[in-house]
Amino acid sequence: MSSLPDLSDAVTAAQNLLGWKLVHETEDGRTAGYIVEAEAYSQEEPSSHTYRGKTKRNQVMFEHAGLVYVYFTYGMHYCVNIVTGEEGHGQAVLLRALEPVDGIELMMRRRQKTDVRKLTNGPANLVQAMGITMSNYSDDVLDSQGLYLEPGIKPEKIIKTTRIGIRVGVDLPWRFYIADNQFVSKLAKNRNL
DNA sequence: CTATTGATTGAT
DNA sequence: TCAATCAATAGG
């Protein structure tokens, strides 16, 4: 695996990021996990937050690849994305699930769960376990500090399928996850292509 | 201005 | 199947 992920466009990056290790160092300690499930979003298609142009919420998605897009949704949840593509093109990869590697005790404390499989199995769950907040908005994951990426494992088999939780653009096969990985979010295992 | 919806989760 | 709960957006 090369030392930098391919973030040239969202769909490529969603596959390429699988197996990379996401690390977050905070005052409470270090947490890290392998990315096992990810989805691509881009301004050309209606399910993307950038479909209707730049707003205060999504503006970082139009900046350069490697920056972090955190958003608040459903009145109670945060989700995290890695920006991809050229500057000015609103696209990113939503991280949907991790396989916990480091700081599992800390993740359990943050999540109030002891079942390792329920720590990071979903976009809002992994944000909570990793201690990611809006203060991580526009962090650079290619800088080795704070929230960043490290080379991890090479996925044996990647499953390509349709995205979760959206009402438009449901036909696009823009979701990718590592086959037979027990940390992939439950919904993701239901539909296959 | 008000009303509705959503890249979710966890409980029923 | 539904509630929790708020930012963005559509509509008047």
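# Helix α3, a pocket and DNA strand B

Guide: In this predicted model, α3 is the element that gives the most to the surface near DNA strand B, with three residues.

Visitor: Which elements give two or more residues to that surface near DNA strand B?

Guide: Before the elements, it helps to meet one contact with the strand: a polar side-chain atom of Arg167 lies 3.0 Å from a phosphate oxygen of DNA strand B. The elements that give two or more residues to the surface near the strand are β4, β5 and α3.

Visitor: And which residues come nearest to DNA strand B?

Guide: There are 19 residues around DNA strand B, and those that come nearest are His77, Asn81, Gly122, Gly165 and Arg167. Asn81 has a side-chain N or O atom 2.5 Å from a base nitrogen of the strand, and for Tyr71 a side-chain N or O atom is 3.1 Å from a base nitrogen.

Visitor: Of the strand's atoms within 4 Å of the protein, how many belong to sugar or phosphate?

Guide: Of those atoms of DNA strand B, 53% belong to sugar or phosphate, while the rest belong to bases.

Visitor: What classes of residue make up the surface near the strand?

Guide: The surface near DNA strand B has nine nonpolar, seven polar and three charged residues.

Visitor: Back to α3 for a moment. Why is it largely enclosed by the rest of the structure?

Guide: Helix α3 covers residues 123-130, and six of its eight residues are buried, so the helix is largely enclosed by the rest of the structure. The buried ones are Pro123, Ala124, Leu126, Val127, Ala129 and Met130.

Visitor: What do those buried residues pack against?

Guide: The buried residues of α3 pack against four strands and a helix, namely β1 (21-26), β2 (29-42), β4 (77-83), β5 (91-102) and α2 (104-111).

Visitor: What follows α3?

Guide: Gly131 follows α3, and the phi of Gly131 is positive, near 75°.

Visitor: New topic: what volume does the largest pocket have, and which residues lie nearest its centre?

Guide: The largest pocket has a volume of about 720 Å³. Its lining consists of 29 residues, and Tyr71, Tyr74, Arg96, Ile164 and Gly165 are the ones that lie nearest its centre. The elements that give two or more residues to this lining are β3 (68-73), β4, β5, α3 and α4 (186-190).

Visitor: How does that lining split by class?

Guide: The lining of the largest pocket has 14 nonpolar residues, 11 polar ones and four charged ones.

Conventions:
Residues numbered from 1 in each chain as written. Chains lettered and ligands numbered in written order. Predicted model: local features only at pLDDT ≥ 70, side-chain atom pairs only at ≥ 80, totals over all residues. Heavy atoms only, no water. Buried < 20%, exposed > 50% of the residue type's maximum accessible area, 1.4 Å probe, protein only. Contact = heavy atoms within 4.5 Å. 1 Å grid on protein atoms, 1.4 Å probe; cavity = no way out; pocket = protein on both sides within 12 Å on 5 of 7 lines; lining within 4 Å. Points joined across faces, edges and corners; volume = space filled by probe spheres on them. Nonpolar A, V, L, I, M, F, W, Y, C, P; charged D, E, K, R; others polar. Near = heavy atom within 4 Å. Polar contact = N/O pair within 3.5 Å; in protein donor to acceptor, adjacent residues only side chain to side chain.
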